[in-house]
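Dear colleague,

I am handing over the structure below, followed by my notes on what was found in it. Please read the two together.

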Amino acid sequence: MSQASLELKPLIITLFKQLGLYTQASNIASDNSHNDFNTLEVSRLLKKHQISFSVIHPSAKNLHLAIHPFLVIPENEAGFIVRRQGNVFEKLQGENTWQPIDLTQLNDKANVFLVESLPSSKKNVQAFAAQMSKRTKWYRPVFWLSLLSSITGLAVPLFTMAVYDRVIGGQTPSILPSIALGSVLAIGVLVSTRLVRAQILATTSNRFARDLSEITFYRLLHMPLMVLSRVGISNHIARMRNAEKVRMLLSGPGGGGLVDLPFTLIALLAIMFLSGWLVLVPIGMLLLYYLVMKLLTRYVQAASPTISGEYQNAMSELSKNLLQLKAAGDTEGWQTKFIRQARENSRQNFLYAKRNGLNAAVAHSLSLFTALITVFTGIFLVLDQSISPGALIACVMMIWRITGPAQLAFSSKQKFTMMDIAVKQFDRFMQANTEQSELRLDTPDNSKPPAVAFQHVTLRYSAEGEPALAGVNVEIEPGELVAIIGPNACGKSTLLLSALGVLDAQAGFVTINGKNLKQYDTAIFRQWAGYSPSQPDIFPGTLAENIRIAKPNATDQEIIQALIDAGGQSFFNSINNDLSVDLLGENNAMLSAIEGSYINLARALVKQSPLLLLDEPLPHRNPTSKATLINTLTNLKGHSTVLFTSHDQDLIQQADKVIILDKGAVVYAGPIPDKTPQEQPTSSAEQESSING
Ligand SMILES: Nc1ncnc2c1ncn2[C@@H]1O[C@H](COP(=O)(O)OP(=O)(O)OP(=O)(O)O)[C@@H](O)[C@H]1O
């Protein structure tokens with residue numbers, strides 16, 4: 001790591017202070033989990049604290065618009081803070097001394113983190129436009145290139161006119177080579193301007209789409225779990241695809257057509273200059289074109305396929321329920337249903353394609369018509385000797401420069417509508433609250449196990465549904481081993497998730513060491529607490545990578561120890577004690593639920609956290625591994641506060657406290673009421689009923 005990156009932490013703290021964000025500054029200072037800052041970390045922190053910024057070079061023009069102090073990080077040198085005072089830039093020296101600095105002396109490899117706006121409760125309702133305006137650099141070159149290409153585009157018709165009127169009419173073949181050379185030059189300029197423009201549009205749309213995807217993904221990751229699960233996966237995918245729509249529109253032919261549209265005015269002016277009132281013909285035809293196309297588009301839209309959603313759902317239903325379908329022997333019935341949908345899908349798509357074909361044919365014939373009407377009307381002007389034959393030919397050639405972009409822009413109309421919807425969706429999406437919308441700056445205490453308290457916690461997954469937790473009121477002492485028990489669907493997992501802060505109660509709150517969970521920085525809190533879900537969650541990658549998700553800097557030894565403590569020794573032996581085994585690779589694609597549970601638990605244990613939340617940690621294990629985990633958890637007593645859900649009597653009996661839930665309400669919370677069942681062995685079922693009772 002370079003020296004500059006090591007100095008970034010104090011620098012970013014100073015920047016936050018200069019921005020007036022003192023609480024955030026002291027929060028960054030007290031967070032020792034992040035010390036080795038690099039520029040990525042700086043971006044992460046600014047985003048996290050909802051500071052809008054852009055990274056630019058020192059030569060960028062928008063530096064003169066800086067309203068807040070900003071950060072400059074030169075290549076291989078220590079960064080510094082700069083502010084703008086009128087036209088002068090000043091560098092912060094020491095505590096509060098500013099000295100003038102010439103930023104133009106920095107080379108272009110330096111990065112400037114230009115602060116655009118500070119966190120505020122006011123939400124930007126035009127987030128898309130605001131984002132777009134950050135990429136203004138492309139407007140000007142695209143404008144000038146389009147202008148140049150439109151002007152040079154007139155050259156070929158004008159040269160043709162010269163050939164007719166001067167070379168043929170004026171009998172001067174000697175000027176032909178100059179005309180030919182001029183045409184070649186004009187075509188050369190035209191082609192190169194088009195190429196460069198296409199490149200600029202593609203680059204801009206790519207960057208823009210990349211920015212949108214990044215913002216969308218970041219927000220998705222930081223939205224409350226409840227909102228995410230309510231909205232559903234297909235919606236999240238649609239959000240991500242919005243960025244693609246923008247890319248397709250700007251970099252595709254429609255984008256070029258749209259940019260060229262205003263420049264058709266140049267062709268119209270040239271026609272007017274050459275032929276006077278003949279210009280009314282293409283103008284009238286453009287109007288007619290617009291009206292006919294509007295009607296036709298409606299006709300085409302009326303045939304848009306409606307079955308595709310149903311068809312897609314049938315496919316995902318098949319992949320989800322394949323086993324059930326096979327087991328029920330219902331493959332034939334399902335096949336009939338699928339064939340019916342496939343046929344309907346083809347029929348609808350055929351009709352749509354037919355109408356689209358009609359649309360294209362009408363657009364093309366209208367262009368031809370425009371040229372023909374211009375010829376027929378212009379011929380009278382030629383006979384009248386108001387214009388030369390060459391001028392008429394040039395005018396007809398220019399007609400294509402008007403109808404071409406109009407046709408392109410129209411054929412992209414559907415894409416514009418899609419883009420408009422995408423923009424509105426993006427704006428709405430940016431207004432939704434994330435978990436970081438409120439200032440959450442406290443960090444948990446790593447030195448001792450925390451006290452946990454649920455204070456009148458009521459939580460519903462949907463407004464209409466029964467509450468999953470109903471007024472839960474429980475206090476847990478530091479270092480206690482607590483069993484949360486009760487029948488299925490009584491709210492055990494929900495209680496754990498609310499203690500982790502991923503589910504927000506609608507009423508009441510959870511406290512950790514007496515502080516409302518909502519005061520804690522979400523990311524830091526979740527990195528601190530250990531959580532193991534009841535279902536195995538395996539990511540593509542090796543065993544070590546899967547466990548390091550919880551603690552990226554864990555050593556191999558720590559990982560192995562966590563796996564063993566979780567009871568996974570036999571599993572580890574079965575994969576030849578190899579941490580680099582690919583868990584979803586060809587040979588290991590079918591990890592059993594129990595093997596998955598060792599990995600879940602190892603993720604929680606490897607953190608050596610003072611707070612552990614374990615959902616069903618003992619699903620039907622072999623006796624040795626069960627004994628190991630029980631031993632691990634009992635050894636944690638006094639060192640970590642552990643909350644676990646379970647139906648396993650042997651594990652429940654080890655708990656200092658049980659919380660018995662029924663339909664989301666606490667029916668008992670305290671020490672195990674009667675330990676006699678342990679002394680007089682009874683069946684598991686009897687033991688459970690004694691505890692539940
Ligand atoms: N994501 C969700 N969306 C809607 N309802 C949910 C969701 N998760 C849980 N529930 C409902 O909340 C209630 C409590 O569920 P929870 O999973 O917390 O119970 P549990 O006691 O852990 O059950 P189990 O012992 O089966 O794991 C149940 O009625 C369940 O259907």
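Helix α19 (residues 492–500) contributes the most to the shell around the ligand, with three residues; helices here are DSSP runs of H or I with at least four residues, strands are runs of E with at least two, and both are numbered from the N terminus. This is a predicted model, in which local features need pLDDT of at least 70 and side-chain atom pairs count only at pLDDT 80 or more, while totals for chains, interfaces and linings use all residues. Residues are numbered from 1 along each chain as its sequence is written.

The residues surrounding the ligand (a residue is near a molecule if its C-beta atom, placed from the backbone, lies within 6 Å of it) include Ser229, Tyr461, Lys492, Ser493, Thr494 and Ser534.

The protein as a whole has 28 helices and 16 strands. Among the strands, six form an open sheet with antiparallel pairing in the order β1-β6-β2-β3-β4-β5, where two strands pair if DSSP finds at least two bridges between them. Because β1 (52–56) and β5 (97–101) stand at the edges with a single partner strand each, one side of each is left without a neighbour in the sheet. On average, neighbouring strands of this sheet are turned by 35° against each other, direction ignored, with axes being lines fitted to C-alpha atoms, for helices over the stretch in contact, and angles running from 0 to 180 degrees between N-to-C directions.

At the β1 edge, the antiparallel pairing with strand β6 (residues 111–117) runs over five bridges, and Val55 has Phe113 in β6 as its bridge partner.

Best regards
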